[in-house]
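Reader: I would like to go through the terms used for this model and see what each one rests on. Please set each value against its criterion.

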Amino acid sequence: LQERAITTPQKIPYLFLEDGENETTTITYGELDKKARAIAAYLQSKQLFGERVLLAYPSGLDFIAALFGCFYAGVIAVPVNAASVHDITKSRDVIINISKDANIAGIFTIDAYLPQIKTLSEELPLTVFISDSTCLDVNLSSNYQTPHVSEDTIAYLQYTSGSTASPKGAIIQHQNLIHSLKETIKAWDYKKSSITLNWAPHSHIYGLIAGVLTPFYHGTLSILMPTYTFLTKPIRWLNAISQYRVTHSGCPNFGYDLCIQEIQDDELSELNLKNWTTAINGGEF
């Protein structure tokens, strides 16, 4: 990110379709780098190198800025499912269990989630900070100091959903992550013209690796849409693939099944999926 912010600061790595149909937000390498530096500087002011910070965000670019902010600061990110305020309430026990298991030092979220997050935090140690990362002054970026981050440094903790058993976490070091991204790029035959589309949650290993980090590492565009926009109207996914000439996209088995069950024949006439060269089964990722 730092290299691309210098060489191609105006290039856009992420495009967000909040309603699954229309472009609502984009971010450039330069903008993302500055936001990540500001978040990292905030974390460094709290002396959190090597500590764990829970990331509770809806789909979108705020999560990505917080993730890179953790990377920049040498802080271990802990993404959780928080697509909506309803998800926070519904997943209360899961989020608390993950927070305790990871021994988090803080929680990053957005303003709309603060009341629910603060209620959850009543069961956590008083030392845990809670902050809306979106309100941080980007000028904090000038305070950022590059830490010593090696291949062995832990990048993030990948937890299971907790839907069938207590959430279990895997430790992902930077060398693990880089190896995975390089092999994914080779296996999925990424090219300079590749465009990725993803609606899977960023807390899911498929959504995080395939949707957010693989295209970014490769240096090509990633288009993101919230999960609910697909679930409520599956044709949105295929329409976006057609409109943006997407080459790489996928989902778990149930997503393909949902397309077959819910999409009507008369909705297919305008689709052009010829650019979709790599269709991924996220259920086996």
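Author: The turns below take the whole chain, then two residues, then the pocket and the cavities.

Reader: What kind of model is this, and how many helices and strands does the chain have?

Author: The model is predicted. Its protein chain has 11 helices and 12 strands.

Reader: Why is the chain called as compact as a globular protein of its length?

Author: The globule rule gives 19 Å for 285 residues, and the radius of gyration of the chain is 19 Å, close to that value, so the chain is as compact as a globular protein of that length. Along the principal axes, the C-alpha trace spans about 55 × 45 × 30 Å.

Reader: How much of the chain is buried, and what does its accessible surface come to?

Author: Of the 285 residues, 52% are buried. The accessible surface is about 13,600 Å², and carbon and sulfur atoms hold 50% of that area. As for contacts with a separation of 6 or more, 74% are between residues 24 or more positions apart.

Reader: Why is L181 called buried?

Author: Buried means under 20% relative accessible area. L181 has 4%, so L181 is buried. The residue sits in helix α7, residues 174-187. Apart from residues up to four places away in sequence, L181 touches I209, L213, T214 and Y217. The C-alpha atoms of L181 and A210 are 8.6 Å apart, with the two positions 29 residues apart along the chain counted as their separation.

Reader: What makes Y217 partly exposed?

Author: The class lies between the two cut-offs, under 20% for buried and over 50% for exposed. Y217 has 33% relative accessibility, and therefore counts as partly exposed. Y217 belongs to helix α8, residues 205-218.

Reader: How do you know that Y217 and L181 are in contact?

Author: Contact means heavy atoms within 4.5 Å. With neighbours within four places in sequence left aside, the contacts of Y217 are R4, I178, L181, K182 and I185. S133 offers another reference point: its C-alpha atom is 23 Å from that of Y217, and the two are 84 residues apart along the chain.

Reader: Which residues lie nearest the centre of the largest pocket, and which elements line it?

Author: The pocket has a volume of about 640 Å³. Its lining has 20 residues, and those nearest the centre are L1, F68, F71, H174 and Y217. Two or more lining residues come from each of α1 (2-7), α3 (61-73), α7 and α8. Helix α7 gives the most, with 4 residues. By class, the lining has 13 nonpolar, 4 polar and 3 charged residues.

Reader: What makes a space a cavity and not a pocket, and how many cavities are there?

Author: In a cavity a 1.4 Å probe fits but cannot get out, whereas a pocket is open. The search of the whole structure finds 3 cavities of 30 Å³ or more. The largest has a volume of about 80 Å³, and its lining includes S59, F63, H202 and M225. The second largest is about 60 Å³, with Y57, S59, H202 and T227 among its lining residues.

Reader: How many charged residues line these two cavities?

Author: Asp, Glu, Lys and Arg count as charged. The lining of the largest cavity has 6 nonpolar, 4 polar and no charged residues. For the second largest cavity the division is 6 nonpolar, 5 polar and no charged.

How values were computed:
Residues are numbered from 1 along each chain as its sequence is written. This is a predicted model: local features need pLDDT of at least 70, side-chain atom pairs count only at pLDDT 80 or more; totals for chains, interfaces and linings use all residues. Side-chain values use heavy atoms; hydrogens and water are left out. On a 1 Å grid over the protein atoms alone, a cavity is a set of points where a 1.4 Å probe fits but cannot get out, and a pocket is an open set with protein on both sides within 12 Å along at least five of seven lines; lining residues have an atom within 4 Å of a point. Grid points are joined across faces, edges and corners, and a volume is the space filled by probe spheres set on the points. Buried means under 20% relative accessible area, exposed over 50%, partly exposed in between (1.4 Å probe, protein chains only). The radius of gyration is taken over C-alpha atoms; the globule rule is 2.2 Å times the number of residues to the power 0.38. Accessible areas come from the Shrake-Rupley method with a 1.4 Å probe; for residues, only the protein chains shown count as cover.
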